Amino acid sequence: REVIRSGSLSQWATGTSMVGVADHDLVFWFGDLNYRIDESMGTEQVLQFSEKGLIGELRDLDQLNIERKEGRVFEGFEEGFLTFPPTYKYQPGTEMYEQRPDKKLRAPAWCDRVLWMAQEPSHVHQLTYNRSEIPNMSDHKAVYSTMRLTIKDVIPARREAVYGEVMRLLDKFENQTLPMVGFDRTSLDFGALRWGDSVTLPIQITNTGKVVAQFRFVPKLDELVLCKPWMTVSPTFGMLIPGEPPATINFTLNVDNVIANLINAGREVLEDILILRLENGRDYYITIKGSYARSCFGMAVDDLVMYTEPIRNVPLDPIKRSEKYDPNPSAALCVPKELWRIVDALYERGLQEPDLFLTPGYEEEVKMIRECLDTGAPFGRFHIHSMAEVLVSFLSNLSSTIVPPTLFPVLEIDSQNIQSFSRRFLEELPPIHYNVFVYVISFFREALLYRETNKLSAAKVARICCNSMVVGANNILDDSSQSMQRRAGMQLIILHLLETNSI
């Protein structure tokens with residue numbers, strides 16, 4: 001039964017019956033693999049080390065070992081420890097590395113290798129791994145390895161016994177019904193999900209028939225994936241033996257920034273139908289649904305300023321929303337009311353809090369503060385650090401960053417040009433983004449007046465602002481040197497605006 005679970009069932013569930021190299025019990029790969037010593041060590045030095053038998057440092061620079069360590073080649077393969085000098089390149093018929101003037105000078109290397117891969121590592125025990133000095137007709141020295149192997153063998157009597165038992169079972173169930181399963185429920189209602197929620201609900205599945213039931217989830221017609229991207233299912237396939245206890249299938253719904261943005265735009269709903277298929281049996285349909293408790297997190301500031309009432313009360317349906325609210329931009333707020341509320345709360349009683357913005361908040365309080373922002377409920381006596389964490393999280397998780405990528409500096413910022421860059425940057429910010437940016441910078445400038453007690457510094461604040469208003473939770477910048485330079489430039493501009501006498 002265990003062979004079925006890990007072997008044929010897995011191949012059936014993944015829809016493939018192909019056998020690759022890694023599917024064999026034992027695989028040996030040997031020959032001239034042509035890997036060399038890394039060029040960071042000069043040819044002359046490699047020759048000296050090889051001739052003197054000083055192979056320790058050469059071993060560390062072996063390209064095959066480097067590539068295997070990085071997981072780029074021969075993944076899953078093993079090799080014995082290199083204890084012999086490089087096997088290439090020799091003068092044919094000699095014991096000397098090739099150094100003749102009329103020949104191209106090449107650094108010695110372990111070109112010739114013996115590797116192996118085993119499904120069960122204990123089945124291979126390498127006894128020797130060395131080079132041979134004969135024959136010496138080639139510019140390579142031969143490499144050899146002796147191993148003690150454990151291999152599978154078929155015991156005819158046992159095979160016949162197993163075959164007979166399988167045939168008796170097949171005869172027993174031949175005229176029985178098709179596989180059947182039962183569910184404790186086929187519909188899951190996750191209720192109201194909030195931004196950042198990850199909720200899991202289970203379904204129990206039981207084999208109600210008299211034969212083995214193999215199941216797997218399959219995509220709907222003309223689709224390639226099992227379910228929508230906001231849901232994960234585990235396991236997606238399995239086998240149920242008659243009489244066994246029920247198996248549990250877990251369905252997890254995740255509401256992240258991407259999903260929240262799609263829901264807010266009316267391009268996604270938390271509803272889906274999954275198809276569970278029995279091998280040689282019928283299909284079962286599982287209905288998944290939930291609702292989104294709208295949040296200011298994951299929205300754009302340009303949308304948030306359009307509403308004066310709590311965002312939770314704003315319909316997700318665009319038609320209902322347009323009927324209820326005036327789309328005229330002249331009615332927009334200067335900054336989102338949620339931002340004003342959290343900044344105002346910090347301003348009132350948090351500017352002198354030690355380690356402000358440096359100490360994380362309390363997880364449960366952070367959730368409660370988010371709920372207050374979304375529903376318009378008054379804040380409780382929350383810890384200042386929890387309030388500070390919500391402010392940074394709010395700015396970081398907007399659907400688009402406050403500082404658009406198009407405004408990132410493309411030239412290096414220095415003391416000569418930072419004033420002009422800062423002025424141009426502020427002039428080119430979109431209106432609402434400008435309001436939010438100036439509002440946040442003004443708040444932090446006020447907080448820096450209490451740096452002796454709250455332990456903030458302009459550099460720390462600049463980094464916080466850059467991470468939340470420039471990079472964001474979606475990390476729009478990659479790790480290239482150019483992106484890092486542009487990010488550093490924005491951080492210098494923010495630092496300048498924090499320290500200058502006027503914005």
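Let's start with one pair of residues: Glu79 stands opposite Leu115 in β3. Keep in mind while you look around that this is a predicted model.

**The sheet with three strands**

That pair sits where β2 meets strand β3 (residues 112-118), and the two strands pair in the antiparallel sense over 2 bridges. Zoom out a little and you find an open sheet of 3 strands, in the order β1-β3-β2, again with antiparallel pairing. At its edges are β1 (26-32) and β2 (78-79); each has a single partner strand, so one side of each has no neighbour in the sheet.

**The sheet with four strands**

Now for another sheet. Here 4 strands line up in the order β6-β8-β12-β10, forming an open sheet with antiparallel pairing. Which strands stand at the edges? They are β6 (181-183) and β10 (231-234), and because each has a single partner strand, one side of each is left without a neighbour in the sheet. Going from one strand to the next, the twist averages 25°.

Take a look at β10 and its partner, strand β12 (residues 247-254): they are joined in the antiparallel sense over 4 bridges. If you want a spot to click on, try Thr232, which stands opposite Thr252 in β12.

**Loops with something to notice**

Follow the chain past β10 and you get to a cis peptide bond, running from Ser234 to Pro235, with omega near -5°. Pro235 is in the loop between β10 and β11 (237-240). There is also a cis peptide bond joining Ile134 and Pro135, where omega is about -10°. As for Pro135, look in the loop between β4 (124-132) and β5 (142-149).

What is the phi of Asp222? It is near 70°, a positive value in a residue other than glycine. You can find Asp222 in the loop between β9 (213-218) and β10.

**Helices that pack together**

On to the helices. Two packed helices are described by the angle between their axes and the distance between the axes. Here are two pairs to compare on screen:

| Helix pair | Angle between axes | Distance between axes |
|---|---|---|
| α11 (residues 363-375) and α12 (residues 384-396) | about 60° | 9 Å |
| α14 (residues 431-448) and α16 (residues 458-471) | roughly 155° | within 11 Å |

How do you put those angles into words? Helices α14 and α16 cross at roughly 155°, and since angles over 145 degrees count as roughly antiparallel, that makes α14 roughly antiparallel to α16. With an angle of about 60°, α11 and α12 are therefore oblique to each other. The handedness of each crossing can be checked too: α11 passes α12 in a right-handed crossing, and α14 passes α16 in a right-handed crossing.

**A pocket to peer into**

Last stop: empty space. Rolling a probe the size of a water molecule over the atoms shows where empty space is left. The second largest pocket has a volume of about 250 Å³. How many residues line the second largest pocket? There are 16, and those nearest its centre are Arg294, Asp303, Met306, Tyr307 and Arg321.

Which elements give two or more residues to the lining of the second largest pocket? They are α7 (257-264) and α9 (318-324). Of the elements, α9 provides the largest share of this lining, with 3 residues. Sorted by character, the lining of the second largest pocket has 8 nonpolar, 4 polar and 4 charged residues.

How values were computed. Residues are numbered from 1 along each chain as its sequence is written. This is a predicted model: local features need pLDDT of at least 70, side-chain atom pairs count only at pLDDT 80 or more; totals for chains, interfaces and linings use all residues. Side-chain values use heavy atoms; hydrogens and water are left out. Two strands pair if DSSP finds at least two bridges between them. Axes are lines fitted to C-alpha atoms, for helices over the stretch in contact, and angles run from 0 to 180 degrees between N-to-C directions. On a 1 Å grid over the protein atoms alone, a cavity is a set of points where a 1.4 Å probe fits but cannot get out, and a pocket is an open set with protein on both sides within 12 Å along at least five of seven lines; lining residues have an atom within 4 Å of a point. Grid points are joined across faces, edges and corners, and a volume is the space filled by probe spheres set on the points. Ala, Val, Leu, Ile, Met, Phe, Trp, Tyr, Cys and Pro count as nonpolar, Asp, Glu, Lys and Arg as charged, and the others, Gly among them, as polar. Angles under 35 degrees count as roughly parallel, over 145 as roughly antiparallel, 65 to 115 as roughly perpendicular and the rest as oblique. A crossing is left-handed if the near helix is turned anticlockwise from the far one by less than a right angle, and right-handed if clockwise.
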